[in-house]
Amino acid sequence: DLRELNETEIEIGHFINEYWCKNPGQGNDVALPPNGTYWPSRTTPNDTCGVFGPYGVGGGLTPRMENLIPYSNSSTYINDFEVGSIQEIDLVGVLFHPYHQHINPFQIQEVFNNADASVDPDSYTAEAVKSWYQVGDWQDTLQLPALKVIGTNDGLSRQTAVKVRFQVDQFTGHMLQHCHLLFHEDQGMMAQYDMRGDEGTTWDGARDIDRTCIKPTTKKGLYNVGKDKLRLCEGDCGDDRDCAGDLVCFTREDEESVPGCAGEGKPGDDYCTVRPSDTYLSYTREGENLGRCEGNCGDDDDCGTDNHGNDLGCFKRRGFDPVPGCDGLGAKDVNYCIL
């Protein structure tokens with residue numbers, strides 16, 4: 001439940017998302033079509049639709065039409081997020097334009113409504129559907145008559161309708177978001193987020209707020225790519241140093257299943273994956289305070305304690321000698337901390 005997160009304790013990204021369409025002949029300083037006309041009209045098919053910028057920030061309370069950004073191409077992003085992070089989006093205008101995002105579902109944090117029908121004529125609608133969406137719900141598409149009008153001097157000034165949060169979980173690359181009125185999408189009302197970082201990364205705090213949380217895997221198929229810093233389910237690795245980030249090289253004699261991956265791969269080849277257990281040999285760093293079955297240690301001073309506070313010692317081995325209490329083959333001639 002992302003509602004339990006305290007922004008003073010962890011970093012949460014923030015972005016404002018608002019969709020809009022610009023009517024032909026409409027200026028930059030007004031929020032509604034010229035001459036008091038409303039949508040739809042005969043000129044609607046010629047509207048320019050998009051997401052309010054600027055890039056990385058999003059629209060504010062009084063967005064200018066010059067900051068309306070229609071979809072342009074597959075290499076342009078409205079914002080970028082680090083995989084494994086928590087992001088918060090203020091959704092404005094979901095009364096009119098249903099917000100939809102791919103890959104990562106979002107959780108509703110707050111819903112804002114006016115109770116005064118004289119200020120917000122649609123407040124009765126919000127009351128009628130308030131049981132459809134609840135704070136705490138997980139969604140990937142949201143249209144909700146939630147609109148808080150704060151003034152009408154410039155036509156329509158508004159505050160955030162819905163606040164949502166989501167985990168940028170595991171996958172890197174493109175993450176599409178768009179209005180779920182598909183004719184608006186066709187007119188440019190969509191954008192992309194760029195998810196950056198190491199493929200397979202998850203948010204470390206998930207199990208802190210829910211101990212029943214099971215760490216997910218992407219179950220990617222095994223394949224050989226023959227390059228340095230192999231990603232999840234890529235091979236053939238020689239040892240953990242060939243794998244990106246905190247991934248480990250899962251060693252095999254034949255076609256044993258690789259945890260978190262699908263398929264058989266090439267018999268006898270080794271593949272990078274998430275460390276299967278705390279007792280699986282892991283060699284991703286040198287130095288002090290190494291955990292159980294982690295290397296490379298020079299002596300006992302390089303080893304820390306296990307999960308129960310027991311001191312660990314440095315096991316020095318030759319070649320691929322078995323490491324007591326640990327699983328996996330590990331790296332050749334590398335020393336590991338043991339209980």
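Strands here are DSSP runs of E with at least two residues, and helices are H or I runs of at least four, numbered from the N terminus. This is a predicted model, where local features need pLDDT of at least 70, side-chain atom pairs count only at pLDDT 80 or more, and totals for chains, interfaces and linings use all residues. Residues are numbered from 1 along each chain as its sequence is written, and side-chain values use heavy atoms, with hydrogens and water left out. Below: a buried arginine, the salt bridges, and the cysteines.

**Arg-252**

- Arg-252 sits in the loop between strand 18 (248-250) and strand 19 (261-262).
- What is the nearest side chain of opposite charge to Arg-252? That would be Glu-256, 4.7 Å away, and Arg-252 is buried with no salt bridge. Buried means under 20% relative accessible area, exposed over 50%, and partly exposed in between (1.4 Å probe, protein chains only). For charges, Lys and Arg count as positive, Asp and Glu as negative, and His and the chain ends are not counted. A salt bridge needs a side-chain nitrogen of Lys or Arg within 4 Å of a carboxyl oxygen of Asp or Glu.
- Backbone oxygens do turn up around this side chain: Lys-266 offers one at 2.9 Å from a polar atom of Arg-252, and the one of Asp-269 is reached at 2.8 Å.
- Contacts of Arg-252 (heavy atoms within 4.5 Å) include Leu-222, Val-258, Glu-264 and Tyr-271, leaving out residues up to four places away in sequence.

**Salt bridges and strand 12**

- The structure has seven salt bridges.
- One of them pairs Lys-163 with Glu-88 at 3.8 Å, N to O. Lys-163 is in strand 12 (residues 162-167) and Glu-88 in strand 5 (residues 86-92), so the pair ties together parts 75 residues apart in sequence.
- Lys-163 and Glu-88 are both buried, and they belong to a salt-bridge network with Asp-90 and Arg-165.
- Strand 12 is largely enclosed by the rest of the structure, because five of its six residues are buried.
- Strand 12 pairs antiparallel with strand 5 over six bridges and with strand 7 (residues 106-111) over four; pairing takes at least two DSSP bridges between two strands.
- Lys-163 is the bridge partner of Asp-90 and also of Glu-110.
- Elsewhere, Asp-194 and Arg-196 form a salt bridge with closest N and O atoms 2.8 Å apart. Asp-194 is buried at 11% relative accessible area, while Arg-196 is partly exposed at 42%.
- Glu-234 and Arg-231 meet in a salt bridge at 3.7 Å, N to O. Glu-234 is buried at 1%, and Arg-231 is partly exposed at 34%.

**Cysteines**

- A search of the whole structure turns up seven disulfides, meaning pairs of cysteine sulfur atoms within 2.5 Å.
- Cys-233 and Cys-261 are joined at 2.0 Å, S to S, and the link is left-handed with -95° about the S-S bond. It connects the loop between strand 16 (223-224) and strand 17 (234-235) to strand 19, 28 residues apart.
- Cys-303 and Cys-337 form another, with sulfur atoms 2.0 Å apart and a left-handed -85° about the S-S bond. Cys-303 is in the loop between strand 22 (294-295) and strand 23 (313-315) and Cys-337 in strand 24 (residues 336-338), so parts 34 residues apart in sequence are tied together.
- Why is Cys-179 not bonded to Cys-21? Its sulfur is 7.6 Å from that of Cys-21, the closest cysteine sulfur, which is too far for a bond. Cys-179 is buried, at 0% relative accessible area.

Methods: Polar contact = N/O pair within 3.5 Å; in protein donor to acceptor, adjacent residues only side chain to side chain.
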